[in-house]
Amino acid sequence: MSEKSSNSSGSDEDVDPESGHLVELGGVLSKWTNYIHGWQNRWVVLKNNTLSYYKSEDEREYGCRGSLCLSKAFITPHEFDECRIDISVNDSVWYLRAEDPEHRLQWIDSIELHKAESGYGSESSLRRHGSMLSLTSAASGISATSTSSFKGHSLREKLAEMETFRDILCRQVDTLQKYFDGCADGVSKDEFQRDRVVEEDEDDFPTSTRPNGDCLHNNNGSKEKLFLPASPKGVNGIDFKGEAITFKATTAGILSTLSHCIELMVKREDSWQKRLDKPSLHLGADLLKYDSQRWIPLQTCSRFFTELEKRRRVEDAYKSALSELKKKSHYGGPDYEEGPNSLINEDEFFDAVEAALDRQDKMEEQCQSEKVRIPRLTPVPPGDSYSIIGTHRFAKQVEDMVQNHMTYSLQDMGGDANWQLVVEEGEMKVYRREVEENGIVLDPLKATHAVKGVTGHELCHYFWDTDVRNDWETTIENFNVVETLSDNAVIVYQTHKRVWPASQRDVLYLSAIRKILATNENDPDTWLVCNFSVDHDNAQPTNRCVRAKINVAMICQTLVSPPEGNKEISRDNVLCKITYVANVNPGGWAPASVLRAVAKREYPKFLKRFTGYVQEKTSGKPILF
């Protein structure tokens, strides 16, 4: 069977003209897997009225991961998402997304065509069993299966099926009529040609007549020609013109009767539907005439109608409950994830995010208790190499970011009414300034902390070094260095773990570490790491994640208290003052209350986790200023 790519259209070309079969359609679609992994690319194949999917095209030989029979499937283009198709069979629902609206339309057309051709008595099924199927055998097949096939189907479905058969029969009648007319014309031509040959032969050859009336022409006794007698009934005694006229009249009567039956059945169904919708009028009239001439008391009728009303209310409640149950059965699907048309309300969104974060915390605690840290040889380079301004294409942008953070990020927030203290835990304080733009929360956050026993150089090194990122960062699913610009600047792409129902986020940013040169001898030893969003050809945004924009800086200042007597400086004499600022545009459509609650919860945890990791890594090691 031939195969089509996913950019083909569902038209008449989907049918193989030689075999009459529908051609196979295959291509990449995004399929909703679950609320943890979200949308994933899958190789989808449409073949023989079945929709199957594989993890990739290369894995087709290992078998499909799932399939749907399209005979009873409902194909629903999404109301808001122009690339999405929902295909449901009973309780099973596939959520699929095409590359663009055009590809979605092509898939819908092809799926609908396969579904239509799979129906009972479809034209293609008749064609596959032979184009010259006689009306007698077709009628016997229909009568043999009509009773059993009617079970489980509504009258509307059977009427639609009858209309399909009527259309097919009309086309077959036209075809057969042309065939009969052609046969009749052919017989007339044969008779005319034979008469001409007979007349010519009578002039040139002696003839003899056999008893049965056939003419035998001999040429020196070596050659014979045998002709049928001239008869208006044609070959085998069949009058083709007469049969054609009779067949046309008969089939016209059948079609007329069938159309009349369909019309009567439709009217009959409409009549019964009206009775079902308004039972009080019809049933009330019947009750009043019940038991010959005996009339039922009005009070009894009133009770009856009251019971009918109760029954109707119960049925409505049942239908409503069933509808809600179906919605709940697909809870966790793409309609409940973050988006402008999400079915989940703000309170439910908040509760779901809280529950997901709690689960992640428990999993992280369990992993930490079971994990044995593998010592990593991550020597901290000397500070001189980090004080040099780079010459790469982002050098000026990095320098501007560094100067901006050193000017504004270290300013004291005392007396500024715009900053709100949202968290205070020991030496740690977290401030927030509420800012929204076009409905998106852009709250700047600022945290201050003081950590004993580590220097600013050590803290900034471990915050910047990608080799140890996964040792302390628990919110990242994966990351990679897209480009190394210099010894102290890299471009990093990372995706964060998804917290359902929020969409998964990714971020592409430039990360630079810098030692700030002191302007006078009293300035503390200061280090800075700044991370800010950039664009790169090797990490373009995708439909799988919402691209967040960040501008983050960690500024660490080392304070040293003089040791007692002639003792050497130890880690007990070292204190690092941390200032952490974050400006994040999360993108997407998450509710403002959820974003603010998550930020309030996660930023303090991040600072404590990171500083604890650095204290553990540097414990017992020489101090690096």
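Author: A quick term before we start: contact means heavy atoms within 4.5 Å. And note that this is a predicted model.

Reader: Okay. Which residues does F463 touch, leaving out those up to four places away in sequence?

Author: F463 touches R469, W472, V529, N531, M554, Y580, F606 and F610.

Reader: Which members of the largest nonpolar core touch the most other members?

Author: That core has 37 residues. L459, F463, M554, Y580, F606 and F610 touch the most other members.

Reader: Which helix gives the most to this core?

Author: Helix α12, residues 592–618, with 7 residues.

Reader: Any general background on that kind of grouping?

Author: In soluble globular proteins, nonpolar side chains tend to be buried together.

Reader: Switching to helix α10. Why is α10 described as largely enclosed by the rest of the structure?

Author: Helix α10 spans residues 456–464, and 9 of the 9 are buried, so it is largely enclosed. Among the buried residues are H457, E458, L459 and F463.

Reader: Now strands. Is β18 mostly covered or mostly uncovered?

Author: Mostly covered. In β18, residues 489–496, 7 of the 8 residues are buried.

Reader: How many bridges join β17 to β18?

Author: There are 8, and the two strands run antiparallel. β17 covers residues 476–486. One pairing puts V481 opposite V492 of β18 as its bridge partner.

Reader: What joins β17 to β18 along the chain?

Author: A hairpin, through 2 residues.

Reader: And how many bridges join β18 to β19?

Author: 7 bridges, again antiparallel. β19 is residues 505–516. Q494 has V507 in β19 as its bridge partner.

Terms used:
Residues numbered from 1 in each chain as written. Predicted model: local features only at pLDDT ≥ 70, side-chain atom pairs only at ≥ 80, totals over all residues. Heavy atoms only, no water. Core = buried A, V, L, I, M, F, W, Y, C linked by side-chain atoms within 4.5 Å. Buried < 20%, exposed > 50% of the residue type's maximum accessible area, 1.4 Å probe, protein only. Helix = DSSP H or I, 4+ residues; strand = E, 2+ residues; numbered from the N terminus. Pairing = 2+ DSSP bridges.
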